[in-house]
Amino acid sequence: MKKILFILSFFISTICFSQSKQNLKLWYNKPSGTTWENALPVGDGKLGAMIYGNVDTETVQLNECTVWSGSLNRNDNDLCLDSLAEIRKLIFDGKQKEAEQIANRVIVSKTSQGQMFEPVGSLRLMFEKHDDYKNYYRELDIERAVQKTTYTIDDIKYTREVIASFPDKVIVMHLTASKAKSISFTAFYSTPQPKAITKASSNELTITGTTIDHESIEGKIKFEGISKFKLNGGSITINDTSLMIKNANEVTVYISIATNFNNYHDISGDENAIANSYLNKAYSKSFQQILSAHIAAYQKYFNRVQLDLGTTDAAKLPTDERLKNFNSTNDPQFAVLYFQYGRYLLISSSQPGGQPATLQGIWNKDLYGAWDSKYTININTEMNYWPAEKTNLSEMAEPLIQMVKELSLTGEKTAHDMYDARGWMAHHNTDIWRINGAVDGAFWGLFPNGGAWLSQHLWEHYLYGGDKKYLASIYPVLIGAAMFYNDYLIEHPKYHWLVLCPDESPENAPAAHEGSSLDAGVTMSNQIIFDVFTNAINAAKVLDKGEAFADTLIQKRNRLAPMQIGKYGQLQEWLDDVDDPNDHHRHISHLYGLFPSNQISPYRTPELYSAAKNTLIQRGDVSTGWSMGWKVNWWAKMLDGNHAYKLIQNQLTPVGTNESGGGTYNNLFDAHPPFQIDGNFGCASGITEMLMQSEDGFLNLLPALPEVWKNGSITGLRARGGFDIINMQWKDGKLVKAIIKSNLGGNLRLRVPNEMKMSNDGMLKEATGNNTNTFYQTEKTATPIISDKATIILPQLKETWLYDLKTQPGKIIACITRQNI
């Protein structure tokens, strides 16, 4: 054990030193101007701010996670149940378009299509005679979660620093100058909120208001924002809505925002008292005190994972120039920056006790944001949380877990009233009021699996942590999702499988259906139901309850439609072989079974693996930003690191420079376009999957390493079953060291790209039989039905080594290459 611990401590110190040289900063040599996507984000999970860094007029655009339009409401359509049989008959008869027309009337909500996440407004600081500047620089230091802007005027250096303090729940701006009495500006609010009132008093600016009505739902969120100014020297003059600061040595601005929102059914909070409580506690502290506590709280999460892929001279350029050059230069550190930026954004937008990250995280400037800046749960919200467990940010999933628990309560009425089913369900969108009904039109909104897909994250949280008490707390959610399907499935009159009807594959439609997305038993739905049933069965087994219902689910799972391989060698998206090989749609939903699920595997289901690869090739690489993020994960599952890296290059392309319009903005926000944060999180997940996978019955190290990352190291990743990657290092594409901690014990089945030994000269045992670790058990995928016209080329997999290691809770295992013994 002494030798193992020596290796552990040596490599932790080595990697930390390497990481500190990487300079994890987004930096620029020019201001944002008027472009929001040039501004830099800070957030503490409750408050979000975009910092423009303009010299003459600084803009701090403000969000608070509970500032939403509307109020508590339900948006179910009570006409659904009476028309369900008619819709089903039309679909089974091949009249999908007619069924869709009826569904638009009886399934899609006739009340709210969902409420909107809204901005509070912006704090603006207008500086006199600040137009002739030089030595301009601004940065976002994602190792410290600090935004900084510096510039020089008349040989005076001005510095602004901004943080969203995690412990203090306030945004703080600190302004300094190299010469005394040099800071003068006028401060005021601007806001798109029509009911907002701003005023100035003493050393404070306040903004109060009530959010807007939307789609006949009255706005009832009351908000209050307070900006309080602490001066060192100088003076303050007040008018009705602004403060004039003159000749200060330094100024610290404390910004507190609160609402009356307690939870989705309780808005009795006192926004004034809450905002003042946070503000008064913070105002008594100096900026340095708040900064130190903030950095410590942030780094508790961020420093868990450190990635080093090496660096080149390309890393010396400003971030926007690196983005332009990434496709044509070797800049491995840019991939590290983007990976860690994804983790930064998740930490900043999703904290325990807050709301989940929306389509735009916690940053939105528009009163009527893109897609209402809410929760699209047919891929986007799910993708937001793909990095949470494996990049060691498990706590960041808490807001999502809480939202799903709440949806399981509101969704019971939806399941009962619309579909005559027990359990709970949600369609393809929800919001802070936890709506479950179908919105936007049947083509998009009829998707019946939003709640069920979200429930997978609750089960995944258990798989990583192994906490049975937590599992017991979410068991009703898992069982309720399965119960809805148990009641709603219907036998297909032609194929006699159990299917959902009406159903749809998200936002896509084959030509054979006359442009309608509606169908019965689409592949993605069958895959999700398979997982929901399997998770409920396994949860019941772990908790030793619900045996009779679990047996029912096993029987119904056996009657689900198997996956099918069509005439073009593709994985069929629909029950019938109607895929178009020239369809390049951004949604490739039927590859859910490849990722995030594990039903398609190169080792267990080679025919399906081949079909999934054909589908990826037919759909093509270039797409919207979030879709490219998903494709990084898929190609990592294809064990093709070079192709996954190509997708990273496609995603890290300046917005508007590729044919889809997708890509990345200068501040490294993902572009659908417009901005959607899911692509940032999706790509961070994909980079992780290139380096480590743990969903296919074993822990796979370096499964999809691209040639451009031939040397590197990573610390802190988490795998299913409570395994922590303390340190992993590779050289010339070969794994040279792997130090793994077992938190739960049990068998560690390890797949590696080259032969390994224990660091104490012990031999590793070759794996045989099934993995005995229950966290790594995989359910058998049904044999696919293959078209007679399909050409199937089975995968030629690279040689790997598969070992079994017995582990004890809390113990560390160190493996190294045979050459390094």
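By class, the residues lining the second largest cavity of this predicted model comprise 3 nonpolar, 4 polar and 4 charged. The volume of this second largest cavity is about 80 Å³. Its lining is formed by Gln570, Leu571, Trp574, Asp579, Asp580, Pro581, Asp583, His590, Thr615, Gln618 and Arg619.

How many cavities of 30 Å³ or more does a search of the whole structure find? The search returns 6. The largest of them has a volume of about 120 Å³. Around the largest cavity there are 14 lining residues, and those nearest its centre are Ser601, Pro602, Lys637, Gln693 and Asp696. The lining of the largest cavity divides into 6 nonpolar, 5 polar and 3 charged residues.

One residue just named, Gln693, brings me to the sheets. Strand β27 covers residues 692–693, and β27 belongs to an open sheet of 5 strands. The order in that sheet is β27-β28-β33-β37-β35, and the pairing is mixed. Which strands stand at the edges? They are β27 and β35, the latter at residues 765–766; each has a single partner strand, so one side of each has no neighbour in the sheet.

Within the same order, β33 is followed by β37. Strand β33, residues 746–752, pairs with strand β37, residues 801–807, in the antiparallel sense, and 7 bridges connect them. As an example of the register, Gly746 faces Thr807 in β37.

I turn next to another set of paired strands. Strand β13, at residues 222–232, pairs with strand β12, at residues 204–210, in the antiparallel sense over 7 bridges. In this pairing, Thr206 has Ile226 of β13 as its bridge partner. Strand β13 also pairs with β16, residues 250–259, again antiparallel, over 10 bridges. Here Lys228 is placed opposite Tyr254 in β16. As a general point, the side chains of a regular strand alternate between the two faces of the sheet.

Let me now consider a helix. Helix α13 runs from residue 468 to residue 488, which gives 21 residues. From the first C-alpha to the last, α13 reaches 29 Å, close to the 30 Å expected at 1.5 Å a residue. Where does α13 bend? The bend is at Ile474 and amounts to about 45°, with a proline, Pro476, following within four residues. The N-terminal end of α13 is capped by Asp467, whose side chain places an oxygen 2.9 Å from the backbone nitrogen of Lys469. In general, residues three or four places apart in an α-helix point the same way, because the helix has 3.6 residues a turn.

Finally, I come to the backbone geometry of some loops. Most peptide bonds are trans, and most residues other than glycine have a negative phi. Against that background, the bond joining Cys501 and Pro502 is cis, with omega about 0°. Pro502 sits in the loop between β21, residues 498–499, and β22, residues 503–504. Another cis peptide bond runs from Pro673 to Pro674, and its omega is near 5°. Pro674 lies in the loop that separates β26, residues 670–671, from α19, residues 678–691.

What is the phi of Asp154? Asp154 has a positive value of about 50°, although this residue is not a glycine. The loop that holds Asp154 lies between β7, residues 146–153, and β8, residues 156–164.

Technical notes
Residues are numbered from 1 along each chain as its sequence is written. This is a predicted model: local features need pLDDT of at least 70, side-chain atom pairs count only at pLDDT 80 or more; totals for chains, interfaces and linings use all residues. Side-chain values use heavy atoms; hydrogens and water are left out. Helices (H or I, at least four residues) and strands (E, at least two) are DSSP runs, numbered from the N terminus. The expected span of a helix is 1.5 Å times one less than its number of residues. The bend at a residue is the angle between axes fitted to the seven residues ending there and the seven starting there. A polar contact is a pair of N or O atoms within 3.5 Å; within protein, one must be able to donate a hydrogen and the other to accept it, and residues adjacent in sequence count only if both atoms are side-chain atoms. Two strands pair if DSSP finds at least two bridges between them. On a 1 Å grid over the protein atoms alone, a cavity is a set of points where a 1.4 Å probe fits but cannot get out, and a pocket is an open set with protein on both sides within 12 Å along at least five of seven lines; lining residues have an atom within 4 Å of a point. Grid points are joined across faces, edges and corners, and a volume is the space filled by probe spheres set on the points. Ala, Val, Leu, Ile, Met, Phe, Trp, Tyr, Cys and Pro count as nonpolar, Asp, Glu, Lys and Arg as charged, and the others, Gly among them, as polar.
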